[in-house]
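Visitor: I should like to learn how a model of this kind is read, feature by feature. Please give the general idea each time and then the case at hand.

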Amino acid sequence: MKKKTLVIGASTNPGRYSNIAINRLVGYNQPTVAIGLREGEVAGVKIEKEMLPFEDIDTITMYINSKRQPEYYDYILSLNPERVIFNPGTENRELYDLLRKNNIEVEVGCTLVMLGSNQY
């Protein structure tokens with residue numbers, strides 16, 4: 001099943017997990033969009049610097065730590081995703097509570113493992 005995914009914290013650095021995730025998402029034919037600190041491109045996916053009003057986002061996968069997340073709270077809610085995946089190092093109880101209050105599923109896990117084990 002196709003689940004349009006927004007990668008928050010995307011990087012053009014091939015050693016970063018967000019970069020690996022974009023490559024895997026594209027490899028699994030998942031529609032993917034991305035935002036990061038710098039513009040660039042990974043696996044044909046343009047990394048945007050601005051919080052664009054992407055449509056039909058099913059999943060947001062987080063690759064920024066909890067200290068940087070508050071500036072994204074309203075943006076994430078405005079996209080009304082089905083779920084947000086908190087990859088290792090991005091855990092944030094405050095955001096979990098906010099998402100749940102807005103009927104958005106919270107998953108604490110690893111996007112790469114989920115993709116590799118057909119749990120995405």
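Visitor: Against which elements do the buried residues of α1 pack?

Guide: The buried residues of α1 pack against the strands β1 (5–8), β2 (32–35), β3 (40–42) and β4 (45–48), and against helix α4 (111–116). Contact means heavy atoms within 4.5 Å, and buried means under 20% relative accessible area, exposed over 50%, and partly exposed in between (1.4 Å probe, protein chains only). Helices (H or I, at least four residues) and strands (E, at least two) are DSSP runs, numbered from the N terminus. This is a predicted model, in which local features need pLDDT of at least 70 and side-chain atom pairs count only at pLDDT 80 or more, while totals for chains, interfaces and linings use all residues. Residues are numbered from 1 along each chain as its sequence is written, and side-chain values use heavy atoms, with hydrogens and water left out.

Visitor: Which residues of α1 are buried, and why do they line one face?

Guide: An α-helix has 3.6 residues a turn, so residues three or four places apart point the same way. In helix α1 (residues 17–27), the buried residues are Ser-18, Asn-19, Ala-21, Ile-22 and Leu-25. Seen down the axis of α1, these fall within an arc of 160° (taken from the directions from the helix axis to the C-beta atoms), so they line one face of the helix. Tyr-17 and Gly-27 are exposed on the face turned away from the buried side. Just after α1, Asn-29 has a positive phi of about 60°.

Visitor: How should the sheet be read, and in what order do its strands stand?

Guide: Strands of a sheet pair through backbone hydrogen bonds, either parallel or antiparallel. Here two strands pair if DSSP finds at least two bridges between them. An open sheet is formed by 7 strands in the order β3-β4-β2-β1-β5-β6-β7, with mixed pairing. At the edges stand β3 and β7 (105–108), each with a single partner strand, so one side of each is left without a neighbour in the sheet. From one strand to the next the twist averages 25°. The pairing of β3 with β4 is antiparallel, over 3 bridges, and Gly-40 stands opposite Ile-47 in β4. Helix α1 lies across β1, β2, β3 and β4 and runs at about 165° to β1. Axes are lines fitted to C-alpha atoms, for helices over the stretch in contact, and angles run from 0 to 180 degrees between N-to-C directions.

Visitor: How many salt bridges are there?

Guide: A salt bridge is a side-chain nitrogen of Lys or Arg within 4 Å of a carboxyl oxygen of Asp or Glu; the count comes to 2. Glu-107 is bridged to Arg-83, with the closest N and O atoms 3.0 Å apart. Glu-107 lies in strand β7 and Arg-83 in strand β6, so the pair ties together parts that are 24 residues apart in sequence. Arg-83 is buried, at 5% relative accessibility. Glu-48 is bridged to Lys-46, the closest N and O atoms being 3.7 Å apart; Glu-48 is buried at 18%, whereas Lys-46 is partly exposed at 42%.

Visitor: Where does Asn-80 lie, and is this residue buried or exposed?

Guide: Asn-80 lies in the loop between α2 (73–79) and β6 (83–86) and is exposed, with a relative accessible area of 52%. Its phi is near 50°, a positive value in a residue other than glycine.
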